[in-house]
Amino acid sequence: MSRITYVNGRYVSHREAAVHIEDRGYQFADGVYEVCEVRGGRLVDERRHVARLQRSLSELRIPLPMSLSALSVVLHETVRRNRVSEGIVYLQVTRGVARRDFAFPTPGGRPSVVVTARTLDLASNDKIAAQGMAVVTVQDNRWERVDIKSVSLLPNVLAKQAARDRGAREAWFVDRDGRVTEGASSNAWIVSADGKVITRPAERGILRGITRTVLLDAIKAKGLVLEERPFTVAEAYAASEAFVTSASQIVMPVTRIDDRPVGAGTPGTVTLALRAAFHRHAEFS
Ligand code: PLP
């Protein structure tokens, strides 16, 4: 089956899907995106993802070029046309096409909208979750506005490649005070030896992950103690469990940090319980 992609009002063959070379997303990374999990053909936490999209757009003063109901139709239709049952839907909105000039183009231009959907291999994700994955720590060299889900991801690309080069699947950014901010494409969590679940507050230095937000409900429902505070790399080394969260991985156990085993070096019980519970707290549409 050939893939279908939505580009600026049309559903086109994925192979031929294109935006103009003077799209500001291409020229300046002047745009934002969202990734939403698809389960059983339904979108997971669409409402929260779209709310975050609106926030990212308004921070950058990019108007949303269609109504929220039309956007929802496009997201679902792209999933349907690609027959995605388990996977992800990707949405990108840029400031649109304009003659190359740093400042915003004069009003009247239309933002560009692209939506793609693809199937993910759930079994292989579960296999990784059963083994746990390795992360490496890298210096956080990103700009301050990482709360905006911008397509400007070069530091994240370099961090992810550094992880790959060192045999790991994810990189954890570390701030100047030696505290973990978040992963290159995920939020970072540890479980302390006395069972507290610890993650950095979303107010500064990280993207407020939707998976993170939903997981807070799961943590509460399980009666676990949550500490929203920055944690150091040393604390992470000494933790009994660690994991990351993102829409495409849900809760993914971390069993090695910088080549040191976390706890027993196997996925932790709290981590696996939260992974199993996650979708009970998510919204489906
Ligand atoms: N932090 C960063 C830098 C990310 O890129 C992502 C997801 O791509 C997340 C956190 C997790 O966000 P979410 O749970 O909404 O997927």
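Student: In what order do the six strands of the open sheet run?

Tutor: This is a predicted model. The sheet is open and its pairing is antiparallel. Its six strands come in the order β2-β1-β6-β5-β3-β4.

Student: Which strands stand at the edges of that sheet, and why is one side of each left without a neighbour?

Tutor: An edge strand here has a single partner strand, so one of its sides has no neighbour in the sheet. The strands in that position are β2 (10-13) and β4 (42-43).

Student: What is the bridge partner of valine 38 in β4?

Tutor: Strand β3 spans residues 31-39 and runs antiparallel to β4. Two bridges join β3 to β4. Valine 38 has its bridge partner in β4, and that partner is leucine 43.

Student: Where does the ligand sit?

Tutor: The shell around the ligand draws two or more residues from each of α2 (46-60), β9 (180-183), α6 (210-221) and β13 (241-246). In total, 18 residues surround the ligand. The site is the largest pocket.

Student: How many residues of the shell around the ligand are polar?

Tutor: Five residues of the shell are nonpolar. Three are charged. The polar ones number 10.

Student: How far is an oxygen atom of the ligand from an N or O atom in the side chain of threonine 211?

Tutor: Threonine 211 is among the closest residues to the ligand. The contact is between a side-chain N or O atom and a ligand oxygen, at 2.6 Å.

Student: What share of the ligand's exposed area does the protein bury?

Tutor: A backbone N or O atom of alanine 247 lies 2.9 Å from a ligand oxygen. Taken alone, the ligand exposes 390 Å². Of that, the protein buries 93%.

Key: Residues numbered from 1 in each chain as written. Predicted model: local features only at pLDDT ≥ 70, side-chain atom pairs only at ≥ 80, totals over all residues. Heavy atoms only, no water. Near = heavy atom within 4 Å. Polar contact = N/O pair within 3.5 Å; in protein donor to acceptor, adjacent residues only side chain to side chain. Areas by Shrake-Rupley, 256 points an atom, 1.4 Å probe, with all protein chains shown as cover. 1 Å grid on protein atoms, 1.4 Å probe; cavity = no way out; pocket = protein on both sides within 12 Å on 5 of 7 lines; lining within 4 Å. Sits in = over half its atoms within 2 Å of the grid points. Helix = DSSP H or I, 4+ residues; strand = E, 2+ residues; numbered from the N terminus. Nonpolar A, V, L, I, M, F, W, Y, C, P; charged D, E, K, R; others polar. Pairing = 2+ DSSP bridges.
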